[in-house]
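Work through these three exercises with the structure in view. Try each task before you read its solution.

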Amino acid sequence: MPASVLIVEDEPAILELIGVNLEHAGYETLRAASAEEANRLLGEVLPDVVLLDWMLPGQSGLALARRLRGDARTREMPLIFLTARAGEPDKVAGLEAGADDYITKPFSTKELVARIRAVLRRRKPQHGEAPVEISGLRLDPVAHRVAGGGQALALGPTEFRLLHYLMTHPNRVYSRAQLLDEVWGDHVFIEERTVDVHIRRLRQALAPSGHDALIETVRGSGYALRAESAAVSRG
Ligand code: CA
């Protein structure tokens, strides 16, 4: 079954261009010209990926992203911002609203398709993997749950994958480029700054049980998850 992409874009010509190109690339497309229309469509069907324009009439793309991330039904849905706003604060705001990626207009179809493939690849469930526990922080890849000292912690999908990777490779320092390769599956199109945004969100998610202290920033190098070797257990 082809993956489906919901395109939310108010410029009819751009909507048509993206739609036709994605269908050529083998995707099924759903199209919405506003956040309100996207909301209506999402009430009926859950696409595999949402491409979301930032500047929309009525509700903004950013507000829609926040709403989708706040709703259990759409929380895990991959979200890519598509926008003419190239400024750094906008990128950070987009990623903090829960977007998985951010593409600046103008972009090539090749780049768009590569990024959609990358988010879909990242969303593939990791079957049959054992839970891992470090210093009272437990991650269950199958149930998709994280608990710190028995307390359930809410992590976004990217933070979950990032934590899973770091917990299964503790006490090693990873550069941003390495993390993009290992966790995002791509460092060609995604900026290294993205890693910092998700590390910050991961720390916030782990803070309620104090496990944010496990994530260490190694100046000039990258990030590591610190664990006493004796405290690492699988199973
Ligand atoms: Ca627009």
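**Exercise 1: a helix pair**

In this predicted model, the axes of helix 2 (residues 35-42) and helix 3 (residues 61-70) come within 10 Å and cross at roughly 25 degrees. Describe how helix 2 and helix 3 are arranged, and find the residues that make the contact.

*Solution.*
- Step 1: Take the angle. Angles under 35 degrees count as roughly parallel, so helix 2 is roughly parallel to helix 3.
- Step 2: Take the hand. Helix 2 and helix 3 cross in a right-handed way.
- Step 3: List the residues. Helix 2 contributes A35, A38, N39 and L42, and helix 3 contributes L64, R67 and L68.
- Step 4: Sort them by class. The contact of helix 2 with helix 3 has five nonpolar residues, one polar and one charged.

**Exercise 2: one helix, one face**

Find the buried residues of helix 7 (residues 176-184), then work out how they are placed around its axis.

*Solution.*
- Step 1: Pick out the buried residues. In helix 7 these are L179, L180, V183 and W184.
- Step 2: Look down the axis of helix 7. The buried residues fall within an arc of 105 degrees, so they line one face of the helix.
- Step 3: Recall the general rule. An α-helix has 3.6 residues a turn, so residues three or four places apart point the same way.

**Exercise 3: a covered helix**

Which residues of helix 4 (residues 88-96) are buried, and what covers them?

*Solution.*
- Step 1: Name the residues. D90, K91, V92, G94 and L95 are buried in helix 4.
- Step 2: Find the cover. It includes helix 3, strand 4 (79-83), strand 5 (101-104) and helix 8 (193-206).
- Step 3: Go just past helix 4. There G98 takes a positive phi of about 110 degrees.

Terms used. Residues are numbered from 1 along each chain as its sequence is written. This is a predicted model: local features need pLDDT of at least 70, side-chain atom pairs count only at pLDDT 80 or more; totals for chains, interfaces and linings use all residues. Side-chain values use heavy atoms; hydrogens and water are left out. Axes are lines fitted to C-alpha atoms, for helices over the stretch in contact, and angles run from 0 to 180 degrees between N-to-C directions. Helices (H or I, at least four residues) and strands (E, at least two) are DSSP runs, numbered from the N terminus. Angles under 35 degrees count as roughly parallel, over 145 as roughly antiparallel, 65 to 115 as roughly perpendicular and the rest as oblique. A crossing is left-handed if the near helix is turned anticlockwise from the far one by less than a right angle, and right-handed if clockwise. Contact means heavy atoms within 4.5 Å. Ala, Val, Leu, Ile, Met, Phe, Trp, Tyr, Cys and Pro count as nonpolar, Asp, Glu, Lys and Arg as charged, and the others, Gly among them, as polar. Buried means under 20% relative accessible area, exposed over 50%, partly exposed in between (1.4 Å probe, protein chains only). The arc is that of the directions from the helix axis to the C-beta atoms.
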